[in-house]
Amino acid sequence: MKKLFAVVLAVVALAVPVFASGSVESDDSVIKVGATPDPHGAILNQIADQLAEEGYTLEIVEFTDYVTPNEALAAGELDANYFQHLPYLESACAERGYDLVSAGGIHIEPLAVYSQKYSSLSDIPDGATFGIPNDPTNEGRALLLLESAGLIKLADDAGLEAVPSDIVENPHNYDFAEIEAASLPRILPDVDAAIINGNYAIPAGLIATRDGLLVEGAESPYVNVVAVRSGDENSPKIQALVNALHSDTVKNYVAERYPNGEVILVD
C-alpha cells in the first residue's frame, strides 16, 4: 500500500465566505448549499430561477474535497450539501459523530476504471498499479468494482468499506495506490489505471461509458443525496430544494448535458 501524493485542496466559496466563526444567521428565504462543481454545482445552477419563483434565494458554495462540506453543514454554515452518496454520508456520520441525514436521493454517477496507457481491461498487465480513492466507502466501492469483474476477491465480511488488506485473492498481483479522490484524474498518467468517481471524472473530460474500461452498473446503491442536519429534512425550504432537483428542468438538463449516462437520475 502506498500514497503517492499529499494534496491540500482549497475551498472556493461562490456566495459568501463559508467558514466564518460560528453559524450563519438563519434566513428561511435563503438556501445555502455546499456542492462539488460538476455535476452537483452545475445541476444546482439550473434550479436557481425555479426556487426564486417560490421565494427562495439559492446560494451555492463550491468545495473541491469530500471532507469540508460535511464539516460546514454540521457546524451550521450550510443549510444542505449535495456532493456525496448515501454510504459515504453514513460512514462520515459514524466516524465523526455528525447528526446528518439524507433529505432525498437525486442521482447516481457510475464509477469507472480509466487508463491513459491501456485501451482495454485485458491489456492491463500483471503487477499493474491501480489508483483508488482513499476515503471510506469509495475505496470499498472501487475494490468491489474490480471484484465484480473477477480481477480480485475480497473477504466475505469486507463489505462496503473494504480496503486492500481485505483482498484474499489477487491473481494478477495488482498494487493499489490509495489517493485522495480529487487527485485521481491528475495522477492518471502516473499509474496504470485509476478508479475515479464521476464528480471528478466529468470535469477532467472523462466519460464512463466512453472512456471507462470497466463501468459500475445502474443498479449501484451509491445514490447521491441532499444531506441536511437531522430535523431539517422536512423543512419547507429543504423540501423545495429536493423537489426542484427532481423537476423536469433538471431532467432535461441532465439529458442534454450528460447524454452518455455520466449522471443517472433516480425517482
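## Strands, helices and unusual backbone geometry

Strand β1 (residues 30-35) and strand β2 run parallel, joined by 6 bridges. Helices (H or I, at least four residues) and strands (E, at least two) are DSSP runs, numbered from the N terminus. This is a predicted model: local features need pLDDT of at least 70, side-chain atom pairs count only at pLDDT 80 or more, and totals for chains, interfaces and linings use all residues. Residues are numbered from 1 along each chain as its sequence is written, and side-chain values use heavy atoms, with hydrogens and water left out.

Valine 33 has isoleucine 60 of β2 as its bridge partner. In strand β2 (residues 57-62), 5 of the 6 residues are buried, so the rest of the structure largely encloses it. Buried means under 20% relative accessible area, exposed over 50%, partly exposed in between (1.4 Å probe, protein chains only).

An open sheet of 5 strands follows the order β9-β6-β10-β5-β11, with mixed pairing. Its edge strands, β9 (175-179) and β11 (214-215), each pair on one side only. Two strands pair if DSSP finds at least two bridges between them. Strands β5 (residues 112-114) and β10 (residues 193-196) run antiparallel, with 3 bridges. Valine 113 is partnered by isoleucine 195 in β10. Helix α5 (residues 138-148) lies across β5, β6 (129-133), β9, β10 and β11, at about 140° to β6.

Helix α1 (residues 37-45) meets helix α10 (residues 248-257): their axes come within 10 Å and cross at roughly 140°. Axes are lines fitted to C-alpha atoms, for helices over the stretch in contact, and angles run from 0 to 180 degrees between N-to-C directions. α1 and α10 are therefore oblique to each other. Angles under 35 degrees count as roughly parallel, over 145 as roughly antiparallel, 65 to 115 as roughly perpendicular and the rest as oblique. Asp38, Ala42 and Ile43 of α1 make the contact with Val250, Tyr253, Val254 and Arg257 of α10. Contact means heavy atoms within 4.5 Å.

Helix α9 (residues 236-245) has 7 of its 10 residues buried, so it is largely enclosed by the rest of the structure. Among them are Lys237 and Leu241.

The peptide bond from aspartate 38 to proline 39 is cis, with omega near 15°. Proline 39 sits in helix α1. Two residues other than glycine have positive phi.

| Residue | Phi | Loop | Relative accessibility |
|---|---|---|---|
| Threonine 137 | near 75° | between β6 and α5 | 2%, buried |
| Asparagine 173 | about 55° | between β8 (167-169) and β9 | 55%, exposed |
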